[in-house]
Amino acid sequence: MKISYGERMSSGVIYFLLALLVFVTFYPFWNSAVISFNTGSDTSLGGVTFWPRDFTFDNYEVVFQDKRLTQAFLISILRTVAGTLLSIILTAIFAYGMSKKELVGRKYYMIFCIIPLYFDGGLIPSYMLVRSLGLMNSFWVMIIPALVSIWNMIVFRTFFQQLPDSLEESARMDGCGYWKTLFRIVLPISGPVVATLALFTAVAHWNDWFTATLYISNAKLLPIQTLLQQILSSNIMSEQMMQTSSAAQSHMASARTITTKSLTMATMMVATIPIILVYPFVQKYFVKGVMVGSLKE
């Protein structure tokens, strides 16, 4: 079958637009990475676009030798792992209960769950609630308020309702209660949904900087994203990093090649790359997990 000239032109335009979209989306990240590997003094001259003109690791040396950044990096990892694990478990338990037809008042519970999706109490009531619970300036303030996601619960609930009743009936005949059925039968076969929602939850925890800004004043509890936001909004912190870094103190020649911009880009790379590396491992679950959990026959 021959392809007409018009069809080839149409396909060429589509490919060009897709390539342009990829370039526009990827280039800012690539340029930031290039600047992070380029000497700051050379970057200040301009013209650094696709490749480092004066390659160096000095920016990353300063970043990794700053104790505040390493501490913030560990806080972010701990928060992401603990927050994601607890959120998925509790949300799955909640959704499993809501998926049962024999649950008394199930419709009213769903109404109570859906209302907060459209109406929010606001920042001040949330702040007062957190303060009354004694979570201010605590590591758990970044985890407990986000333990249960209503949207994730709805996706879990829809998926659980699609499972054949015979599956749970067989488990009951073998002596399994609700808890054993959930953790030994239901969740193990819910891999795509669990993986997809876990990734979304992990990304949300990793990228969240506002919660710590609002509720935490102890510098030792700040996650990497909050510290990065402070660096971006204030050149003073970047200058302090260069002054207090042991690399800058022992190698004054290298210190002169480091600028606020190059140091900021290196910090951005350190804060961004870890969560990006997670995507390839769960990419295959995206379409299947979201579609299966969102559609009902």
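**Exercise 1.** How are H4 and H12 oriented to each other in this predicted model?

*Solution.* Begin with the axes of H4 and H12, which come within 7 Å and cross at roughly 140°. An angle over 145 degrees would count as roughly antiparallel, whereas angles that fall in none of the named ranges count as oblique. H4 and H12 are therefore oblique to each other. Next, look for the residues that make the contact: H4 brings Arg68, Leu69, Ala72, Phe73 and Ser76, while H12 brings Ile224, Gln225, Leu227 and Ile231. Sorted by class, the residues of this contact of H4 with H12 comprise 6 nonpolar, 2 polar and 1 charged.

**Exercise 2.** Determine how H12 packs against H16, and describe the residues where the two helices meet.

*Solution.* Two packed helices are described by the angle between their axes and by the distance between the axes. For helix H12 (residues 224–233) and helix H16 (residues 260–276), the angle is about 165° and the axes lie 10 Å apart. Since angles over 145 degrees count as roughly antiparallel, H12 is roughly antiparallel to H16. The crossing in which H12 passes H16 is left-handed. On the H12 side the residues are Ile224, Gln225, Leu228, Ile231 and Leu232, and these meet Thr264, Thr267, Met268 and Ala271 of H16. The contact of H12 with H16 has 6 nonpolar and 3 polar residues, and no charged ones.

**Exercise 3.** Describe the largest pocket by its volume, its lining and the helices that contribute to that lining.

*Solution.* The space in the largest pocket comes to about 740 Å³. Its lining is made of 29 residues, of which Asp120, Ser126, Pro145, Ala146 and Thr211 are the closest to the centre. Among the elements that give two or more residues to this lining are helix H4 (67–98), helix H6 (123–132) and helix H10 (191–207). H6 gives the most, with 5 residues. By class, the lining of the largest pocket has 17 nonpolar, 9 polar and 3 charged residues.

**Exercise 4.** Work through the second largest pocket in the order used for the largest, ending with the classes of its lining residues.

*Solution.* About 380 Å³ of space lies in the second largest pocket. Of its 14 lining residues, Ser99, Lys100, Lys101, Asp165 and Glu168 are the closest to the centre. The elements that give two or more residues to this lining are H7 and helix H8 (165–173), and H8 gives the most, with 4 residues. The lining of the second largest pocket divides into 3 nonpolar, 2 polar and 9 charged residues.

Definitions and conventions:
Residues are numbered from 1 along each chain as its sequence is written. This is a predicted model: local features need pLDDT of at least 70, side-chain atom pairs count only at pLDDT 80 or more; totals for chains, interfaces and linings use all residues. Side-chain values use heavy atoms; hydrogens and water are left out. Axes are lines fitted to C-alpha atoms, for helices over the stretch in contact, and angles run from 0 to 180 degrees between N-to-C directions. Angles under 35 degrees count as roughly parallel, over 145 as roughly antiparallel, 65 to 115 as roughly perpendicular and the rest as oblique. A crossing is left-handed if the near helix is turned anticlockwise from the far one by less than a right angle, and right-handed if clockwise. Contact means heavy atoms within 4.5 Å. Ala, Val, Leu, Ile, Met, Phe, Trp, Tyr, Cys and Pro count as nonpolar, Asp, Glu, Lys and Arg as charged, and the others, Gly among them, as polar. On a 1 Å grid over the protein atoms alone, a cavity is a set of points where a 1.4 Å probe fits but cannot get out, and a pocket is an open set with protein on both sides within 12 Å along at least five of seven lines; lining residues have an atom within 4 Å of a point. Grid points are joined across faces, edges and corners, and a volume is the space filled by probe spheres set on the points.
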